[in-house]
Amino acid sequence: MTATPDSLSTTAARARLLELIKELAVVRGKVILSSGAEADYYIDLRRITLHHEASKLVGQVMLSLIDDAGIDFECAGGLTMGADPVGTAVMHAAADAGRAIDAFVVRKAQKSYGMGRQVEGPSVEGRKVLVLEDTSTTGGSALTAVEGVRNAGGNVVAVAVIVDRDTGAKEKIEAEAGVPYLYAFSKDELGLS
């Protein structure tokens, strides 16, 4: 009988997630990234965050990463669309562990209609917020999310990504947002050095 994600230790979950990222998400070839930079590979983490097995592992691995860093938070999310399934995965992993963590979504810009919100979901006002992203090249998406959350009254305590491309996002986010930047996997672990 094979182990299900429900029964995996954090070490086994991390190993399996890494295997799935390498198998499903790393696409080799010239691509233009959202930052405008050109790369020889693309890490399509939506192939992971929206995958039936990998999504649960994302939540478990990211929650463990944040807990191991000693970061206390009440809400998790980031800029739509890359962060949406990551926030949901963390919310579900926390619920499986008996913890109440809300997820939220940050729009690229504040709505000009309805309630005029940029941050959607349960209110982040006055709460400890973890900003998430699937991967980051320049840190731009995470910084947009940090600004949106702060404008909505949230207290950003950290930024965390599944894969760090080692292209300066960590340094930029820590300098500009003034919060820790954490990642579950480096590009080296994916064989992309």
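# Briefing: pocket lining, helix α6 and salt bridges

The lining of the largest pocket is made up of 7 nonpolar, 11 polar and 6 charged residues. The structure is a predicted model. The points below treat this pocket, then helix α6, the salt bridges, and the surroundings of R28 in strand β1.

**The largest pocket**

- The space within the largest pocket comes to about 470 Å³.
- Its lining comprises 24 residues, and those nearest the centre are S34, E133, D134, T135 and S141.
- Two or more lining residues come from each of the elements β2 (38–43), β6 and α5.
- The largest contribution to this lining is that of β6, which supplies 4 residues.

**Helix α6 and its covering**

- Helix α6 spans residues 169–177, and its buried residues are A169, I173 and A177.
- Viewed down the axis of α6, these buried residues fall within an arc of 25 degrees, so they line one face of the helix.
- The elements covering the buried residues of α6 include β6 (128–136), α5 (140–151), β7 (155–164) and β8 (181–186).
- Strand β6 and helix α5 therefore appear in two settings: they are among the elements that cover the buried residues of α6, and each gives two or more residues to the lining of the largest pocket.
- Just after α6, G178 adopts a positive phi of about 70 degrees.

**A salt bridge within α6**

- The side chains of E174 and K170 form a salt bridge, with an N to O distance of 2.8 Å.
- Both E174 and K170 belong to helix α6, where they stand 4 residues apart, about one turn of the helix.
- E174 is partly exposed, at 31% relative accessibility, and K170 is likewise partly exposed, at 27%.

**Other salt bridges**

- The model contains 13 salt bridges in total.
- R127 and D102 are joined through their side chains by a salt bridge of 2.9 Å, N to O.
- This pair connects distant parts of the chain, 25 residues apart: R127 lies in the loop between β5 (119–120) and β6, whereas D102 lies in strand β4 (residues 102–106).
- D102 is partly exposed, with a relative accessibility of 27%.
- A further salt bridge, 3.2 Å from N to O, brings together the side chains of D44 and R47.
- Within that pair, D44 is buried, because its relative accessible area of 15% is under the 20% limit.
- Its partner R47 counts as partly exposed, at 43% relative accessibility.
- R16, E19 and E53 are connected in a network of salt bridges.

**R28 in strand β1**

- R28 is located in strand β1, which covers residues 26–32.
- R28 counts as exposed because its relative accessibility of 59% is over the 50% limit.
- Apart from neighbours within four places in sequence, R28 makes contact with D40, Y41, L190, G191 and L192.
- R28 and E53 are 25 residues apart along the chain, and their C-alpha atoms are separated by 23 Å.
- E53 itself takes part in the salt-bridge network with R16 and E19.

Key:
Residues are numbered from 1 along each chain as its sequence is written. This is a predicted model: local features need pLDDT of at least 70, side-chain atom pairs count only at pLDDT 80 or more; totals for chains, interfaces and linings use all residues. Side-chain values use heavy atoms; hydrogens and water are left out. Buried means under 20% relative accessible area, exposed over 50%, partly exposed in between (1.4 Å probe, protein chains only). The arc is that of the directions from the helix axis to the C-beta atoms. Contact means heavy atoms within 4.5 Å. A salt bridge is a side-chain nitrogen of Lys or Arg within 4 Å of a carboxyl oxygen of Asp or Glu. On a 1 Å grid over the protein atoms alone, a cavity is a set of points where a 1.4 Å probe fits but cannot get out, and a pocket is an open set with protein on both sides within 12 Å along at least five of seven lines; lining residues have an atom within 4 Å of a point. Grid points are joined across faces, edges and corners, and a volume is the space filled by probe spheres set on the points. Ala, Val, Leu, Ile, Met, Phe, Trp, Tyr, Cys and Pro count as nonpolar, Asp, Glu, Lys and Arg as charged, and the others, Gly among them, as polar.
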